[in-house]
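Colleague: I have the sequence open at my bench. Show me the model, then take my questions one at a time.

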Amino acid sequence: MKRNKKKSITIRITESQYKNMIDAVIEEEMNKSEFIRESIQRQLQKIRRSNRRNLS
């Protein structure tokens, strides 16, 4: 059975990017970690779809 190990990353964003993220977090009613994880997942899916189209 495969175990998921927690990994930490550090990102640097501007104050305006942080403010926009907090506004979105409040609007979506979730915490920052959930928001970031979902955003990363959406971006990865977008990249995968784009790559599949380019292979066709």
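**Charges, patches and helices**

Colleague: What does Arg48 count as at 42% relative accessibility?
Modeller: Buried means under 20% relative accessible area, exposed over 50%, and partly exposed in between (1.4 Å probe, protein chains only). Arg48 has 42%, so this residue counts as partly exposed.

Colleague: What kind of model is this?
Modeller: Residues are numbered from 1 along each chain as its sequence is written, and side-chain values use heavy atoms, with hydrogens and water left out. Local features need pLDDT of at least 70, side-chain atom pairs count only at pLDDT 80 or more, and totals for chains, interfaces and linings use all residues: this is a predicted model.

Colleague: How many helices does the protein have?
Modeller: Helices (H or I, at least four residues) and strands (E, at least two) are DSSP runs, numbered from the N terminus. One helix is H1, residues 15-28. Another is H2, residues 32-55, and Arg48 is found there. The protein has zero strands, and its helices number two.

Colleague: Which residues form the positive surface patch?
Modeller: Patch residues have over 30% relative accessible area and no salt bridge; like charges are joined within 9 Å, nonpolar side chains (Val, Leu, Ile, Met, Phe, Trp, Tyr) within 5 Å. Lys and Arg count as positive, Asp and Glu as negative, without His and the chain ends, each charge being placed at NZ of Lys, CZ of Arg, CG of Asp or CD of Glu. Arg48 of helix H2 belongs to this patch. The full set is Lys46, Arg48, Arg49, Arg52 and Arg53.

Colleague: How far apart do the centres of the positive and negative side chains lie?
Modeller: The protein carries 15 positive side chains and 7 negative ones. The centres of these two sets are separated by 16 Å.

Colleague: Which element gives the most to the nonpolar patch?
Modeller: Ile9, Ile11, Ile13, Tyr18, Ile40, Leu44 and Ile47 make up this patch of about 630 Å². Ile11 comes from the segment before helix H1. The top contributor, with three residues, is H2.

Colleague: Is Ile11 buried or exposed?
Modeller: Ile11 belongs to the nonpolar patch. Its relative accessibility is 51%, so Ile11 counts as exposed.

Colleague: Which residue forms a salt bridge with Asp23?
Modeller: A salt bridge puts a side-chain nitrogen of Lys or Arg within 4 Å of a carboxyl oxygen of Asp or Glu. Asp23 is partly exposed because its relative accessible area is 37%. Both partners lie in helix H1, four residues apart, about one turn of the helix. The closest N and O atoms are 3.0 Å apart, and the partner is Lys19.

Colleague: What is the N to O value for the salt bridge where Glu38 and Arg42 meet?
Modeller: The structure holds two salt bridges. Glu38 and Arg42 sit four residues apart in helix H2, about one turn. Glu38 is partly exposed at 40%, and Arg42 is partly exposed at 46%. Their side chains meet, N to O, at 4.0 Å.

Colleague: What is the phi of Glu29?
Modeller: Most residues other than glycine have a negative phi. Glu29 lies in the loop between H1 and H2, and it counts as exposed because its relative accessibility is 74%. Glu29 is not a glycine, yet its phi is positive, at about 55°.

Colleague: How far apart in space are Gln43 and Gln17, C-alpha to C-alpha?
Modeller: Gln43 lies in helix H2 and is partly exposed, with a relative accessible area of 40%. Gln43 and Gln17 are 26 residues apart in sequence. In space, their C-alpha atoms are apart by 17 Å.

Colleague: How far apart in space are Asn4 and Arg42?
Modeller: Asn4 has its place in the segment before H1. This residue counts as exposed because its relative accessibility is 75%. Asn4 and Arg42 are 38 residues apart in sequence; C-alpha to C-alpha, the distance is 20 Å.

Colleague: What share of the residues of the protein count as buried?
Modeller: The C-alpha trace spans about 40 × 35 × 25 Å along its principal axes. Of the 56 residues, the share that counts as buried is 7%.

Conventions: Areas by Shrake-Rupley, 256 points an atom, 1.4 Å probe, with all protein chains shown as cover.
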